[in-house]
Amino acid sequence: MFYKKELTTTFRSCTSITAEVNELVAQSGVKDGICLVSVPHTTASLVITSFWDPRGLDDLLDEIDRNIPTRVSYKHQDSPYDASGHVKSAMIGSSASLIISGGKLILGSSQGLVFVEHDGPRPREFYVEIIEKPVKLTKLSVPTVYMGMHDITDDVQKAVADSGVQEGMCHISVLHSTAGLVIAPKDEASRKDVMEDIERMVPTRVDFKHRETASDAGGHVKTSLTGTQISLPVQGGKLVLGPEQAVVFAEFDGPRPRNCFVGVYAD
């Protein structure tokens, strides 16, 4: 089932589209499957993040601008905001996949789908594809340490093996707004390097507008940029990864007891 939705954005803004997508899933009648959401624009992005506090969304826009400043020296010259928007959209991404189970999206209580406008104001649209497909769902517990890069590959591989699926797809979903999910090297030192550079891009500090804690506020932004969803093929009853790759749960706050879901779909 394919849906097209429209919205009108303001300049450099964030708009939650969570309610609309949840409504489409409910209308579809699909109980188990996957929901694909995409933004067909080159100066807008789609992120999964906390959308309850608008100050946190302002932090997200500020950090994107700090790392990718709008400038007049771009080779593409329609306008500076159009040019920087192309870079921001390419780096942050414009699509998301979510597990549907029991007729609902698998999202954390503080998570939402947010349409990020890097240019604007403009009439925009986004697409939603809802695919009905049986899913074998496993909930994993992940005890974390502060700023930890936790290799959960073995746990995900076990969930795939326990599902009995031989050929298909595995989708991993983190349900937190201050923890991300990345494919990173198995090597522990390399994983620490990844975390250090994420911290360099979005330093933990006291001047965020969202004021719960510094690590919580910074964690919202870091999670928006790294993402919380990964899809990987399953072949021969095993997760398909490169020999040096690992599925890594990135804790940007913590230490906390965390959860993620593994959905396995047969071809």
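Where is the place of Pro121? In this predicted model, Pro121 is located in the loop between β7 (112–117) and β8 (123–132). The report below returns to this residue after describing the sheets, a helix and the cysteines.

## The five-stranded sheet

An open sheet is built from five strands, which follow the order β9-β16-β11-β13-β14 with antiparallel pairing. Its edges are formed by β9 (136–143) and β14 (238–239), each of which pairs on one side only. As general background, strands of a sheet pair through backbone hydrogen bonds, in either a parallel or an antiparallel arrangement.

Strand β16 (residues 257–266) takes part in two of the pairings described here. With strand β11 (residues 167–174), β16 pairs in the antiparallel sense over seven bridges. Two positions illustrate this register: Cys170 lies opposite Val264 of β16, and Gly168 lies opposite Ala266 of β16. With β9, the antiparallel pairing of β16 extends over eight bridges; here Thr138 has Val262 of β16 as its bridge partner. Strand β16 is also mostly covered, with seven of its 10 residues buried.

## The three-stranded sheet

A further open sheet consists of three strands in the order β10-β15-β12, and its pairing is antiparallel. Strands β10 (149–151) and β12 (179–185) occupy the edges; each has a single partner strand, so one side of each is left without a neighbour in the sheet. From one strand to the next, the twist averages 35°.

Strand β10 is joined to strand β15 (residues 245–251) by three bridges, and the two run antiparallel. Within this pair, Met149 stands across from Ala250 in β15.

## Helix α4 and its two sides

Helix α4 (residues 153–163) has a buried set made up of Thr153, Val156, Ala159, Val160 and Ser163. When the helix is viewed down its axis, these buried residues fall within an arc of 125°, so they line one face of α4. The spacing fits a general property of such helices: an α-helix has 3.6 residues a turn, so residues three or four places apart point the same way.

The face of α4 turned away from the buried side carries exposed residues, namely Asp154, Lys158 and Asp162. After the helix comes Gly164, which has a positive phi near 80°.

## Cysteines

How many disulfides does the structure hold? The model holds zero disulfides. In general terms, a disulfide is a covalent bond between the sulfur atoms of two cysteines.

For Cys14, the closest cysteine sulfur belongs to Cys35 and lies 20 Å away, which is too far for a bond. Cys35 is likewise in no disulfide, and the nearest cysteine sulfur to it, that of Cys170, is 18 Å away. Is Cys35 buried or exposed? Cys35 has 0% relative accessibility and therefore counts as buried. Cys170, for its part, is the residue that stands opposite Val264 in β16.

## Cis peptide bonds

Two peptide bonds that precede a proline deserve attention. The bond from Gly120 to Pro121 is cis, with omega near -5°; as stated at the outset, Pro121 is in the loop between β7 and β8.

Gly254 and Pro255 are also joined by a cis peptide bond, for which omega is about 0°. Pro255 is placed in the loop between β15 and β16. This loop thus concerns both sheets: β15 is a strand of the three-stranded sheet, while β16 is a strand of the five-stranded sheet.

## Positive phi outside glycine

Which phi does Arg12 have? Although Arg12 is not a glycine, its phi is positive, at about 50°. Arg12 is found in the loop between β1 (2–8) and β2 (13–16). Its relative accessibility is 26%, so Arg12 counts as partly exposed.

Met147 is another residue other than glycine with a positive phi, in this case near 55°. Met147 is placed in the loop between β9 and β10. At 15% relative accessibility, Met147 counts as buried, because the cut-off for burial is under 20%. The strands on either side of this loop belong to the two sheets described above: β9 is an edge strand of the five-stranded sheet, and β10 stands at an edge of the three-stranded sheet.

Methods. Residues numbered from 1 in each chain as written. Predicted model: local features only at pLDDT ≥ 70, side-chain atom pairs only at ≥ 80, totals over all residues. Heavy atoms only, no water. Pairing = 2+ DSSP bridges. Helix = DSSP H or I, 4+ residues; strand = E, 2+ residues; numbered from the N terminus. Buried < 20%, exposed > 50% of the residue type's maximum accessible area, 1.4 Å probe, protein only. Axes fitted to C-alpha atoms, helices over the stretch in contact; angles between N-to-C directions. Arc of directions from axis to C-beta. Disulfide = S-S within 2.5 Å.
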